[in-house]
Amino acid sequence: MFDLQDFIKNAMPQSRRQFLTFSSASIITMAASSAFPVSAKAASWLIEKTGNDINELDNIDYYVKSSNLIPDSDTIHFEVDTDEALYFSHVMFQELMKKEFQQQQGALSERLNLAPNNNILEMNDGYDSLNGIFDQYKEFFVSNVTEYISSLLQNSYATQTDVSVRDRVAYNSWDMIKVNAKKQVVEKGEAFREIMDRLYAIATQECQSHALQGFKGSDWARKLMNYYQESSTLEMLISCFQAQEANQAAFSSAMHKVYNTFHKVRALNCSSPDKIPEHELRDFERMLYGAVYSGLAMSMSWGNSQENNSVLGRDDSFNDVQNYLQSQNTGNEEVTSYWKEFFEITPPTIFWAALNEIDFTDLTLGDNAAHRKIIEKFPALETARRSRGDMFVSSFAMLLALSHFSWASASDRDGDTSPLALAELGIGLFNDGLTASYELILTKLTTMLFGNEQPLTDAIANTMSKFGRFMRSLCTQGRVSFIFSPERNVAEKLFMGSSSVKSIIEKCFVVLSALGAAFAAYSLAQAIENGSVADIVFASINMFLAGATFMISIAAVLGISTGPLGIVIAVVGIIIAIAQWIYSLLHQEPIPPTPIQIFTDDVMRPADLIHPDSGNFVCMAQDYWGKYTAPFNTRTMDTDWHDSLTTQDSRDYPERGALITAQNGKIYYFGNLYDPKVGDSKTFFKNGTHRLDGWNISSSFERNGCTQVVESRSSSGKTRVLFSAKAYESDVPGSQWGDRLFISDGIEIPPLPSCISDGVIDYSQGVNEIPLDISAINELDDTMFVVFTRSHIYQMRGNSFSRVIEFYNCFQEEDTTTNGSRGMFSLLTSVVIDTTVHLFYTFKSKYYDDNLYHYTLTMDQDGNYTILELLQTMDSSLIEDTKGDVINIVGTKYPATKETSARICFFAAGASKYKRFGAIELENSTSYGRTNKALIPLYDGVAFTMPGAFYGFYKNAFIAN
């Protein structure tokens, strides 16, 4: 059985390929960095210089635009500035995996052209070496080589078009979802983190003229950490973020400084004679996250009282701060008396109202100019007894910024207070007279939001969950202006002075969320280890998942280019020439296995990494021989339909939504309601269908007008069938616009001619309100259907038809630019797994949004389908760096076994591209006896291109084994 405790303890939800684009954020989550130096003969250049200046160390910057570090390779140009040492450390990691594969499968390694680069394997920095790491962690490489080599091969396979049928079937049989699930656990384990820390340290030897070398072997890791714990350094760092700037150059530069700092501390710690303990490193990284959070908060604009969600538009943020400043909780009598005296002269309500009168245009909460304007407005802030009004005002502004920003990003914003305990923050702000301890403030800030690996409290769990939901929505939908997003509305009010909220979301908030998810993972792991109740953990899991929903943005934000990291491995495949093909036909001799088939049989199968075969979806496709209604196998995804004897003429089944495998085991086609067909689903591809006897239907329907048919069965065994069909206008008013909904009480009982959606669906909206897709849910108390139009979501529960969600909770406004507009969707399709409806949609190209959105639609406590939540966001092109959108998606569920949790697999296809991806389903019982489930997104599975044309799945037709 999949171990939830181990998974959350060791993993954030990223696949290996996604991890490579996520690396800068992942380093901050690396735990153990203890190194065991391996003897290496130091060359003269390794010891020619000794570092002695903290500024020199601080100024070492590994972000570059290109790299030529790989021996015998061309210069690699990055799309964005990239941490070269981080990039090269992953190259080293791949070479170590290839070395292990060569030792295990020498001949196969050569045939697959996967021999390691010996020039890289021989690298060292005088304190450590790749060969030393390989020897020390031999067990790690032995245990995980299959997963990593198969990923390298799959990355290459995804974009190849000249793969033989035999190899394609072999490739497709690999269970890459399981592979990636295992890698996710591995990559957050202790051994992996130690390896990557040490590889990064070695990689620095090859970068920036080995500038870090002179600082190794001594206590410079501690010195650099101490330097960044100084308040003056942190205050300057916080002021550098300037997130409100449209081009985000200052923010990117500040983030590079943060990443460089914790990378250098960990790299230097590897060779330090007195290593910094891991818990101190994590506290240091927690403090740096606090600096990022504070920098973003201090970049907010002041707003005004007329703008809800802006700083000056929310009285409660100010009241929380002014009440605290006048209390004894500050821990500083001077601070308390100062603000008490001031507010006796100027009551808080007067002060707050007057702040709204100050012209803060183009000024942020962190701007000294804004603080001076406040002092000029209120001279009493600068008293004769103490002339440090600027310090008091800047402290007030910081508390106001942190309180308001945390309220906006980590609460429900509906009567909620800020999740920050100002009394605890203030202890750091005023711990030594008027000198702020930024180290204490920032560490406490992160702890309040995400915990500090101590037992997880309900309050922190609640904050983590709310922060995760906010960030997940903001960093995906919030980037797109035409989608209604409450979270984007909040961001627009927080940064009213910025000309580009979109860039703030895509860079600043993505960074904040990604790093926050890392700290949340720590706390969740510790909570489980300490036996915290399951409901706390599952309440917080949204935060854990938040970092996995916007991977496309991570590359641009964190300075990692996806292209060079996805190193293309040249795969030697045997392409059968025409002569060889004819020879095989004549002699009936088996074709020798190619390297991929050998890899499948000798490597993947013994490792239990062959994808299960649950049956066949029915699809419509075309190659140069013709058009087919054909099987699409869940394991092989074989598209070689021409050579298959199990296909049907697609002209017999033109409506893909009207072919249905029913509860009784038969398959039906209702495209022509006057001539329905039936057959045995097990022999469908061989024998097809025949006319359904005893079918007498009203003459109200158009002959070939049925487009969708779905069947729902209740827990008591009652069955109903919903038809989407065109009817004659005289019988059903307005039917010239498109399909209407009709119900029957059984799969072989004709539908009644009365439209069950009349009076609920506004047919005057034309094609915007015709059914795009229909889902049927089984085993509920009553039959249940969910209907999706271009505008709204409806349900039919028993005999009751109603609208449950308007505008998908996401449209800014309905697109009605022309009469009969076809709405905003390019694709909308649904898949039912158990009682959850998975909704996928993309938008039309004119909206400049290339995302494929994946939602879950679930029941509320009253049993209605009203809860629509974003699960993940993917590139709609299915395969990276290719063009063309997904056409159709279907899915199935694999039950839990003793070894693995239950999981869901989805199959997407578009034109000549195909992809299998999936989600692990975690399940746990709460202290209240309920069962909680959470889906951990796993984007990566098998992806490939195949010449031909794919027209879509018959989504209601699945023939199980």
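Angles of 65 to 115 degrees between helix axes count as roughly perpendicular. This criterion is applied in the second of the legends below, which accompany close-up views of a predicted model.

**Figure 1. Overview of the predicted chain, which has 33 helices and 24 strands.** Of the 961 residues in the chain, 61% are buried. When contacts between residues at least 6 apart in sequence are considered, 67% of them join residues at least 24 apart. The exposed surface of the chain comes to about 36,200 Å², and 48% of this area is supplied by carbon and sulfur atoms.

**Figure 2. Packing of helix H17 (residues 278–297) with helix H22 (residues 389–410).** Two packed helices are described by the angle between their axes and the distance between the axes. For this pair the angle is about 95° and the axes lie 9 Å apart. H17 and H22 are therefore roughly perpendicular to each other, since their angle falls within the range of 65 to 115 degrees. On the side of H17, the contact is made by Tyr293, Ser294, Leu296 and Ala297. H22 contributes Met398, Ala401, Leu402, Phe405, Ser406 and Ser409. Classified by residue type, the contact of H17 with H22 comprises seven nonpolar and three polar residues, with no charged residues.

**Figure 3. The open sheet formed by four strands in the order S17-S18-S19-S20.** The pairing in this sheet is antiparallel. Its edge strands are S17 and strand S20 (865–875), each of which pairs on one side only. On average, and with direction ignored, neighbouring strands of the sheet are turned by 20° against each other. Strand S18 is joined to strand S19 (residues 851–859) by five bridges, and the two run antiparallel. Within this pairing, valine 837 has leucine 857 of S19 as its bridge partner.

**Figure 4. The hairpin of strands S17 and S18.** Strand S17 spans residues 825–833 and is mostly covered, with seven of its nine residues buried. Eight bridges connect S17 with the antiparallel strand S18 (residues 836–843). One bridge partnership links threonine 829 to phenylalanine 840 in S18. Two residues lie between the strands of this hairpin, and aspartate 834 takes a positive phi near 55°. In a regular strand the side chains alternate between the two faces of the sheet.

**Figure 5. Successive antiparallel pairings of strand S7 with strand S6 and strand S8.** Strand S6 (residues 659–661) is joined by three bridges to S7 (residues 666–669). Threonine 661 is placed opposite isoleucine 667 in S7. S6 and S7 form a hairpin with four residues between them, and in the turn glycine 665 has a positive phi of about 90°. Four bridges join S7 to S8 (residues 677–680). In this second pairing, lysine 666 stands opposite aspartate 680 in S8.

**Figure 6. The surroundings of aspartate 601 in helix H32 (residues 595–604).** Aspartate 601 has a relative accessibility of 42% and therefore counts as partly exposed, because this class lies between the limits of 20% and 50%. The view also includes alanine 170, which is 431 residues away from aspartate 601 along the chain. Their C-alpha atoms are separated by 9.0 Å.

Technical notes:
Residues numbered from 1 in each chain as written. Predicted model: local features only at pLDDT ≥ 70, side-chain atom pairs only at ≥ 80, totals over all residues. Heavy atoms only, no water. Buried < 20%, exposed > 50% of the residue type's maximum accessible area, 1.4 Å probe, protein only. Pairing = 2+ DSSP bridges. Contact = heavy atoms within 4.5 Å. Areas by Shrake-Rupley, 256 points an atom, 1.4 Å probe, with all protein chains shown as cover. Axes fitted to C-alpha atoms, helices over the stretch in contact; angles between N-to-C directions. Parallel < 35°, antiparallel > 145°, perpendicular 65-115°, else oblique. Nonpolar A, V, L, I, M, F, W, Y, C, P; charged D, E, K, R; others polar.
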